[in-house]
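Dear colleague,

Please find below the structure that I am handing over to you. I should be grateful if you would read the notes that follow it with the coordinates open.

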Amino acid sequence: MARKLLLEHINVPGINTLDVYRQKGGYRAVEKALKTLSPDDVVEEVKKSGLRGRGGAGFPTGMKWSFLAKPEGVARYLVCNADESEPGTFKDRYLMTHIPHALIEGMVVASYALGAKTSYIYVRGEMMPQIRILERAIAEAKAAGFLGKNILGSGYDLELYVQPGGGAYICGEETALLESLEGKRGNPRIKPPFPAIAGLYGCPTVVNNVESIAAVVPIINESGDEYAKIGIGRSTGTKLISASGNLVRPGVYEIELGLPVEEFIYSDEYCGGIANGKRLKATVAGGSSVPVLPANLTLKLANGDPRLMSYESLSEGGFATGTMMGSGGFIAFDEDQCIVRNTWNFSRFYHHESCGQCSPCREGTGWMEKVLHRLEHGHGKMSDIDLLVDVSRKIEGNTICPLGDAAAWPVASAIRHFRDEFEWHVREPLKSQETNYGIAKYAEPIAKAEVNTEN
Amino acid sequence: MSEKVKVTIDGITVEVEPGTTILNAARQIGGDIVPPAMCYYSKLEGSGGKCRTCIVKVSKGSEKDPRPMPKLVASCRTTVMDGMEVQNITSPEVMEARAGVVEILLINHPLDCPVCDQAGECDLQNLGYEHGLQKTRYEFERRTFERIDIGDKIQLHMNRCILCYRCVFTADQITNKRVHGILNRGDHSEISTYIQTAVDNDFSGNVIDVCPVGALTDKTFRFKNRVWFTKPVDAHRDCPTCSGKVTLWYKGADVLRVTARKDIYGEVEEFICNTCRFDRKKTDDWVIEHPTHISDASVISSNHYETMIPLPVIQENLRLQKANKVELEKTAKF
């Protein structure tokens, strides 16, 4: 059984209450940090741990903290990004529902490290039950003296607030989140300045994902060096993966980074294989924004080595043959699934969620969605496929925030790897409405020459 | 004064104040290398970064850190660093991306230039002329909205809007209380007032001037004439609320419309009040200064009398001078 750090006590009844959480060793990190460590020591430990942001970009958390500007007399803020709304990702919701105190403990330690006196947890508006759970947990923690004035007699004060969002995907982008938290329209800001210099109310701010903050707790408990021993290479520690799709046992799993993808899909400890005895056709490895990969490239790298669940191994081969870790939303498609339909579905999501601030994303996402709708419903033309590639190239990299890239990558990658299926939809408009293209050659072992490195 | 920084744009080096944006550095050089700007407006704080037409490639970050920037950047919101090297029209990548942005801006634009009051002085028209495709690749129904009257003098034609946010910034910064903003999101975003409230403000008319397209139009000028048939002259009056420095647009002896004076980048020099703009449309309200300078590239200049100096051949030939007596007298008047 692999090591579990975040979900170790997930099955203990009543772990969502402070008492049980304390019995299982909860809030040790707060005691250790506030009584024995200085804020800089905490930052140092997190740096040593090599923890990388769990929200999608994978930026080293310790580095992000050390970039925080610390001018005299200006408040600093820590904001927890719990606006989890990527299709396929539901790990933060799981964590907040079952172990809310892990997040709160992490918030106290992280706020202490950053010198924040006020911290916010920005939760997506649809997650009302989780907001209630967090509010209750905060009240408990406050009553026990882990929040509020003079925490544990250390002289450190912290107020923690939960802020429900309006349910917009774009508010998961850190600057849009800050705008929304300030009570404005959730449009991403133009960077620079970065939030580390001017964030919430113009003050230096750090925005971290729920899982990154919760991961600070085991780092402090066991020291950064110990944490860095788990995992592989620069992907240290454990990661929550929310597995969904045609799997025998979909759900949230904590894995040690470096686990082979094949083991994750087929091992009984994790997903238990593809449901109903079907074969795997394709996967989206890290939430809807990352490139989709056919089964053969999911399990093996282009050079034939097994692909591992780590930041480096998943992105091995760039976008030609690789994908990204993203936020850990692992979606598996079996042989009966239609990639065109799925791409249209993702595209529909990005069209709906684009904030409309910058033109390539506002107009381009709608355009892609319409073309894909046409292809999926049997009215497409051969030229539409190249048009989609061209439009996605015009969006990618030309927008204010990464939503444009996130909208362009799934479309571009689907056409890169599944062009046959798109062409089949054009050639067989009627048949494509009734049957699926099937698995074709997407699960066959890769012969090197077949890998299309163009586009 | 702090030390100036050197920046090279398309091979031309210029020294600018630190903190200047690439776009403004390019404007100091002037000419073809200035990136087009649809949403940036130097008079409006916080504007820019949205339309993405001004994107450029930074091929060298700075003297200290010579790495190129990984993506194309919006020149209106990126500040220069010492030793930065920027490629605008010399980079095929930039030109391709800009053409892409123009195509994307036009897919939902109604292209109703023949009936649009902005035609002839429209930034999007110029941009489309320079970078656009001859034929659209967009084969779907374009997005449409109802027209909205913002007060009795301004009409909002949302179909034409490119959501540059300039009018929102204008209202934020020069009027007391902004009553319009952006509703909805994505490609359904629209500029709107809160339940169609009239914008009632002394300076609200300036949103017409800042609009780069024909989305906000002057109802006192609507469908009166094409701009290239009118002749602009600079004029002023003693106005208690604003500077009173305007451009009058004449057709014959009639003032068809009054706008603020604009510089070569189409940005107004000083915002004017609604009284000057909408209510003073007689020549005797104004002190006329001189014809407005119009760029040779503009379609308006084709009908413009500022350039009416006798050709060299006429100046030398007495017989031709006699024949052109009437025209020469006119010239002398100006």
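The notes below concern the interface between two chains, one helix and one strand residue.

Please bear in mind that this is a predicted model.

Interface. The contact between the two chains involves 22 residues of chain A and 25 residues of chain B. On the side of chain A that touches chain B, α15 (339–353), α16 (359–376) and α17 (382–395) each supply at least two residues. The most is given by α16(A), with 8 residues. By character, the residues on this side of chain A divide into 10 polar, 7 nonpolar and 5 charged.

Helix α16(A). This helix is mostly covered, since 15 of its 18 residues are buried. Its length is as expected: at 1.5 Å a residue, the 18 residues of α16(A) should span 26 Å, and the end C-alpha atoms are indeed 26 Å apart. Just after α16(A), Gly378(A) adopts a positive phi of about 80°.

Pro294(A). This residue lies in strand β11 (residues 292–294) of chain A. Pro294(A) has 26 other C-beta atoms within 10 Å; a residue with 20 or more counts as buried, and therefore Pro294(A) is buried. Leaving aside residues up to four places away in sequence, Pro294(A) touches Ala282(A), His417(A), Phe418(A) and Tyr442(A). Thr283(A) is 11 residues from Pro294(A) along the chain, and the C-alpha atoms of the two are separated by 6.4 Å.

Yours sincerely

Terms used. Residues are numbered from 1 along each chain as its sequence is written. Chains are lettered from A and ligands numbered from 1 in the order in which they are written. This is a predicted model: local features need pLDDT of at least 70, side-chain atom pairs count only at pLDDT 80 or more; totals for chains, interfaces and linings use all residues. Two residues are in contact if their C-beta atoms, placed from the backbone, lie within 7 Å. Helices (H or I, at least four residues) and strands (E, at least two) are DSSP runs, numbered from the N terminus. Ala, Val, Leu, Ile, Met, Phe, Trp, Tyr, Cys and Pro count as nonpolar, Asp, Glu, Lys and Arg as charged, and the others, Gly among them, as polar. The expected span of a helix is 1.5 Å times one less than its number of residues. A residue is buried if 20 or more other C-beta atoms lie within 10 Å of its own, exposed if 12 or fewer, and partly exposed in between; C-beta atoms are placed from the backbone.
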